[in-house]
Amino acid sequence: MPQYETSAPFPANPDFAAYAGAAWGRLVRTALLLTGDFHEAEDLVQTTLAKVYARWGRIPADDVDFYVRRSLVNNNISRTRRRRVTHLLMPFLPERVHQEDHGHAESVEHRAAITEALGTLSTRQRTVLVLRYWEDLPETAIAEVLNCSPGTVKTHARRGLEALRSHPAFAAAERSHPLPGARS
């Protein structure tokens, strides 16, 4: 009778373990912007990586990032459609990226305003804005991830940006910290 190991410290495929370990932080940050809640973001990334692991051997090596990103977005869209979880927005993002430090209180206030405003967008608009401005993907790549046309991506981006600009929390934060060169 064969003996089976009951608990393995690592997945059977070391390439997957290396990829998951290296991509974890980036995926959680992206998922946080998509979900608005740190715990939901971690759950989303875990669910996504579990589904990716099941198909790992069939994913071409040069398409891994695209496949994982698309799975993350699709799992988030499915999650929001089911509405099984309530959205609790965190008052800050976990990491500052290329920003001047205006002081801790001001930066927390600014990030809270952005997170609050993102939370009011539709799932598609929020996804497009996160992929475009956080992941820095071109419209064609976002269209592939969302399985839609680049024109649809542009429409979601335009409408999402309009909604962000008109959101009271974001508008208040921008009035107190105007962008350099912006008209008053």
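The side chains of Glu-40 and Arg-79 form a salt bridge, with N and O 2.7 Å apart. This is a predicted model. The pair ties distant parts of the chain together: Glu-40 sits in helix H2, residues 38-54, and Arg-79 in helix H3, with their positions 39 residues apart. Are these two residues buried or exposed? Glu-40 has a relative accessible area of 7%, so Glu-40 is buried. Arg-79 comes out at 10%, so Arg-79 is buried as well. The cut-off for buried is under 20%.

A second bridge joins Arg-26 and Asp-65, with an N to O distance of 3.5 Å. Arg-26 belongs to helix H1, residues 14-35, while Asp-65 belongs to helix H3, residues 64-82; the two are 39 residues apart. The setting here is partly open. Arg-26 has a relative accessible area of 27%, so Arg-26 is classed as partly exposed. Asp-65 has 38%, so Asp-65 is also partly exposed. Partly exposed covers the range between the 20% and 50% limits.

A third bridge pairs Asp-136 with Arg-132, where the closest N and O atoms lie 3.9 Å apart. The cut-off for a salt bridge is 4 Å, so a 3.9 Å pair still counts. Arg-132 is partly exposed, at 26% relative accessible area. Asp-136 is exposed, at 59%. In total, the count for the structure is 5 salt bridges.

Now step back to the whole chain. The protein chain has 8 helices and 0 strands. Read along the sequence, the pattern is α-α-α-α-α-α-α-α. Of its 184 residues, 36% count as buried. Which share of the contacts with a separation of 6 or more comes from residues 24 or more positions apart? The answer is 68%. The bridge from H1 to H3 and the bridge from H2 to H3 both link distant parts of the chain.

Next, look inside. The structure holds 1 cavity of 30 Å³ or more. The volume of the largest cavity is about 30 Å³. Which residues line the largest cavity? They are Arg-26, Leu-27, Thr-30, Asp-65, Arg-69, Leu-72 and Glu-135. H1 and H3 are the elements that give two or more residues to this lining. By character, the lining residues divide into 2 nonpolar, 1 polar and 4 charged. Both partners of the bridge between Arg-26 and Asp-65 appear in this lining.

Arg-69 is another lining residue. Arg-69 lies in helix H3. Its relative accessibility is 15%, so Arg-69 counts as buried. Leaving out residues up to four places away in sequence, Arg-69 touches Arg-26, Leu-131, Glu-135, Leu-137 and Val-145. Two of these partners, Arg-26 and Glu-135, also line the largest cavity.

One of the Arg-69 contacts, Leu-131, leads to helix H5, where Leu-131 is buried. H5 runs over residues 123-134. Does its length match or miss the expected span? At 1.5 Å a residue, its 12 residues should span 16 Å, and the end C-alpha atoms are 15 Å apart, so the two values agree. Among the buried residues of H5 are Gln-125, Arg-126, Thr-127, Val-128, Leu-129 and Val-130.

Just past H5 comes Asp-136, the partner of Arg-132 in the third bridge. Asp-136 lies in the loop between H5 and helix H6, residues 139-146. Its phi is near 60°, a positive value in a residue other than glycine. Why is that worth a look? Most residues other than glycine have a negative phi. Asp-136 is exposed, with 59% relative accessible area, which is over the 50% limit.

The next loop shows a similar case. Asn-147 lies between H6 and helix H7, residues 150-166. Phi of Asn-147 is near 60°, again a positive value in a residue other than glycine. Asn-147 has a relative accessible area of 62%, so Asn-147 is exposed. Thus Asp-136 and Asn-147 each have a positive phi, and both are in loops.

Conventions
Residues are numbered from 1 along each chain as its sequence is written. This is a predicted model: local features need pLDDT of at least 70, side-chain atom pairs count only at pLDDT 80 or more; totals for chains, interfaces and linings use all residues. Side-chain values use heavy atoms; hydrogens and water are left out. Helices (H or I, at least four residues) and strands (E, at least two) are DSSP runs, numbered from the N terminus. Buried means under 20% relative accessible area, exposed over 50%, partly exposed in between (1.4 Å probe, protein chains only). On a 1 Å grid over the protein atoms alone, a cavity is a set of points where a 1.4 Å probe fits but cannot get out, and a pocket is an open set with protein on both sides within 12 Å along at least five of seven lines; lining residues have an atom within 4 Å of a point. Grid points are joined across faces, edges and corners, and a volume is the space filled by probe spheres set on the points. Ala, Val, Leu, Ile, Met, Phe, Trp, Tyr, Cys and Pro count as nonpolar, Asp, Glu, Lys and Arg as charged, and the others, Gly among them, as polar. The expected span of a helix is 1.5 Å times one less than its number of residues. Contact means heavy atoms within 4.5 Å.
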